[in-house]
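Dear colleague,

I am handing over the structure we spoke about, and my notes on it follow below. Please read them with the coordinates open beside you.

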Amino acid sequence: MPLPQAAVCPARDAAPVPGELAGLRRSLAVNTRRMIDAGAFTPPPTPAQGPVPGNGVQACRPARPIVRLLYVHYLAARPVDDIQCVAQTRRRQRCTNHLLSGGALPGTWTLLPATPRSGQLALPAAVMAVYDLAGIPYAEQLRWRAQRCLQHAAIPTAADLAVADWEPFGPLHHHEHVHARLPTRVRRPGPAGQAQTAVRP
């Protein structure tokens, strides 16, 4: 008798399952975590956020944002505020801190030219939304590049339990991740009935 995927897939919510299937789900979850930590498997990106409760505005949150780091463009594997530290904790588990947690200096969303170098095909969009870290101190940019939280950036002897998942950005190869507008543009009334636009990172 075939089993539905949701009954055994650890990434999907399922109704209570028999003990044998529960054990199989646990084994699959452990194996998947080991492959992710070893860099042998990359889970699909998290879908964009739904409407923000209370204001009914659809949040625009790129699943794989383009990040400008040390004046090089990278493609992140997940949303900016979900980028996780790769260092190993004292319990030999991956650190659960994020790069933006603990009062870390944030970057800024900006629109930068999306035109490729001369001699290449042109892109349909003239500009692209980039999470720009070029304005923060050099040491902070190195921390982002190493993908370490503030705590583990101060402990250089701590081993990495995962590989930093920055991918060099190619405008033609990664064209599906190019967005021509800044994330979460919220229109609100301005003076004399004109609309103003606020940007939430």
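**The hairpin and its sheet**

Strands β1 and β2 form a hairpin in which two residues lie between them, and Leu70 in the turn has a positive phi of about 55°. Please bear in mind throughout that this is a predicted model. The two strands of the hairpin, β1 with residues 66–69 and β2, pair in the antiparallel sense over four bridges, and in one of these pairings Arg68 has His73 of β2 as its bridge partner.

The hairpin belongs to an open sheet of five strands with mixed pairing, whose order is β3-β4-β1-β2-β5. The edges of that sheet are β3 (108–113) and β5 (167–168), each of which pairs on one side only. Strand β2, which covers residues 72–75, is joined to β5 by two bridges, and the two strands run antiparallel. The residues concerned can be named: Tyr74 has Pro168 in β5 as its bridge partner, while Leu75 has Glu167 of β5 as its partner.

**The chain as a whole**

For orientation, the chain contains four helices and seven strands, and from the N terminus on its elements follow the order α-α-β-β-β-β-α-α-β-β-β. Of the 201 residues in the chain, 33% are buried. The chain exposes about 12700 Å², and 56% of this is supplied by carbon and sulfur atoms. If one takes the contacts between residues at least 6 apart in sequence, 50% of them join residues at least 24 apart.

**Aromatic pairs**

How many aromatic pairs does a search of the whole structure find? The search finds three. One of them is formed by Tyr74 and Trp166, a tilted pair with 6.1 Å from centre to centre and 55° between the planes. Because Tyr74 lies in strand β2 and Trp166 in the loop between α4 (150–153) and β5, this pair ties together parts that are 92 residues apart in sequence. Tyr74 counts as buried at 10% relative accessibility, and Trp166 also counts as buried, at 10% relative accessibility.

The rings of Tyr131 and Trp144 have their centres 6.2 Å apart and their planes at 45°, so this pair too is tilted. It links distant parts of the chain, since Tyr131 belongs to strand β4 (residues 127–132) and Trp144 to helix α3, 13 residues apart. Both Tyr131 and Trp144 are buried. Ring pairs also bring in Trp109, so that Trp109, Tyr131 and Trp144 are linked into a cluster.

**Arg143 in helix α3**

The helix that holds Trp144 also holds Arg143, and helix α3 covers residues 138–146. Is Arg143 buried or exposed? Arg143 is buried, because its relative accessible area is 5% and the cut-off for burial is under 20%. The side chain of Arg143 makes a polar contact of 2.9 Å with the side chain of Glu140. When neighbours within four places in sequence are left aside, Arg143 is in contact with Leu99, Ala104, Arg148, Cys149, Leu150 and Ala153.

When you go through the model, I would suggest taking the hairpin before the aromatic pairs, and Arg143 after them.

With best wishes

Note on methods. Residues are numbered from 1 along each chain as its sequence is written. This is a predicted model: local features need pLDDT of at least 70, side-chain atom pairs count only at pLDDT 80 or more; totals for chains, interfaces and linings use all residues. Side-chain values use heavy atoms; hydrogens and water are left out. Buried means under 20% relative accessible area, exposed over 50%, partly exposed in between (1.4 Å probe, protein chains only). Contact means heavy atoms within 4.5 Å. Accessible areas come from the Shrake-Rupley method with a 1.4 Å probe; for residues, only the protein chains shown count as cover. Two strands pair if DSSP finds at least two bridges between them. A polar contact is a pair of N or O atoms within 3.5 Å; within protein, one must be able to donate a hydrogen and the other to accept it, and residues adjacent in sequence count only if both atoms are side-chain atoms. Rings of Phe, Tyr and Trp (its six-membered ring) pair if their centres lie within 6.5 Å; planes under 30 degrees apart count as stacked, over 60 as edge-to-face and the rest as tilted.
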